[in-house]
Amino acid sequence: MTGIKRKIYSYSALFSLVSICLIVFFAYPGLKEINAILTQILTDRANMALISAQSRELAVFKEEYELYKTGIEKIEKLFVDSQNPIDLIKFLEKSAADRGIASNISLSPYDGNSDFQLTQVSLKGNFSSIIEFARKIENGPYLINIKSFSTKKLFKGDQKENSYEIEANLLLEATVKK
């Protein structure tokens, strides 16, 4: 009887071992694949929710585009056209002429990588007029920053031409649209 019990225990142990091996070699990879598929489904569901939210936001923006349109157009006018900065030059020349200032404007070549167009402006005129000019261009229709501002008195020979006449050099940085 002990021999039969021993055989039964041996067969039971062997069957259990084979069952465990079958589970390890067949069921576990299947479970691993199911887990990967479930993870992908959850990721896809999250992406779908994100796309749906973006779609709703886009629909709201399209509905309210007319409200935003005038603001967007105003913002675009603040930028200098990098391909054709003639309007900027006209604005600078007119601003100087309106204040009775002689001006010489030179643009540095635009490389296409920068967000700014550098412009050198040389002015001759009354100090207060030049200060008004600087305020006008900084508060004008373009996004312009004065990077440097230097002045010197004008002399003619040994005498001063006019104690209020100065020469000013400005380095301007105008924001461009690409």
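This is a short tour of a predicted model, stop by stop, for you to follow in your viewer.

Before you start selecting, note that residues are numbered from 1 along each chain as its sequence is written, and that side-chain values use heavy atoms, with hydrogens and water left out. Because the model is predicted, local features need pLDDT of at least 70 and side-chain atom pairs count only at pLDDT 80 or more, while totals for chains, interfaces and linings use all residues.

**Stop one: helix H1**

Select residues 2-63, which make up helix H1. Helices here are DSSP runs of H or I with at least four residues, strands are runs of E with at least two, and both are numbered from the N terminus. Pick out Tyr9, which has its place in this helix. Tyr9 counts as exposed, at 60% relative accessibility; exposed means over 50% relative accessible area, buried under 20%, and partly exposed in between, using a 1.4 Å probe and protein chains only. Now draw a distance from Tyr9 to Gln40: the two are 31 residues apart in sequence, and their C-alpha atoms are 44 Å apart.

Ile51 is also worth a click in H1. Ile51 is exposed too, with a relative accessible area of 54%. From its C-alpha to that of Ile8, 43 residues away along the chain, the separation is 61 Å.

**Stop two: the aromatic cluster**

Next, show Phe61, Tyr65 and Tyr68 as sticks; ring pairs link them into a cluster. The structure holds 3 aromatic pairs. Rings of Phe, Tyr and Trp (its six-membered ring) pair if their centres lie within 6.5 Å, and planes under 30 degrees apart count as stacked, over 60 as edge-to-face and the rest as tilted.

How are the rings of Phe61 and Tyr65 arranged? Their centres are 6.1 Å apart and their planes stand at 65 degrees, so this pair is edge-to-face. Swing over to Phe61 and Tyr68, and you find a stacked pair, with 5.2 Å from centre to centre and 15 degrees between the planes. For the surface view, Phe61 is partly exposed at 35%, Tyr65 is partly exposed at 35%, and Tyr68 is partly exposed at 36%.

**Stop three: where H3 meets H4**

Select residues 86-98 for H3 and 127-138 for H4; their axes come within 9 Å and cross at roughly 145 degrees. These axes are lines fitted to C-alpha atoms over the stretch in contact, and angles run from 0 to 180 degrees between N-to-C directions. On the H3 side, the contact is made by Phe91, Leu92, Ser95 and Ala96, and on the H4 side by Phe133, Lys136 and Ile137. Contact here means heavy atoms within 4.5 Å.

Stay with Phe133 for a moment: leaving aside residues up to four places away in sequence, its neighbours in contact include Arg99, Ile101, Val121, Leu123 and Leu170. Ser129 also lies in H4. Ser129 counts as buried, at 14% relative accessibility, and touches Arg99 and Ile101 when residues up to four places away in sequence are not counted.

**Stop four: the nonpolar core**

Which residues have the most contacts inside the largest nonpolar core? They are Leu92, Val121, Leu123, Phe133, Ile137, Leu170 and Leu172, in a core of 22 residues. Such a core is a set of buried Ala, Val, Leu, Ile, Met, Phe, Trp, Tyr and Cys residues joined through side-chain atoms within 4.5 Å. Colour H3, S3 (116-126), H4, S4 (144-153) and S7 (165-177), since each supplies at least two residues of this core. S7 gives the most, with 6 residues.

**Last stop: Glu173**

Finish in strand S7 by selecting Glu173. Is this residue buried or exposed? Glu173 is buried, with a relative accessible area of 13%. Not counting residues up to four places away in sequence, Glu173 touches Phe116, Gln117, Leu118, Leu143, Ile144, Asn145 and Lys147.
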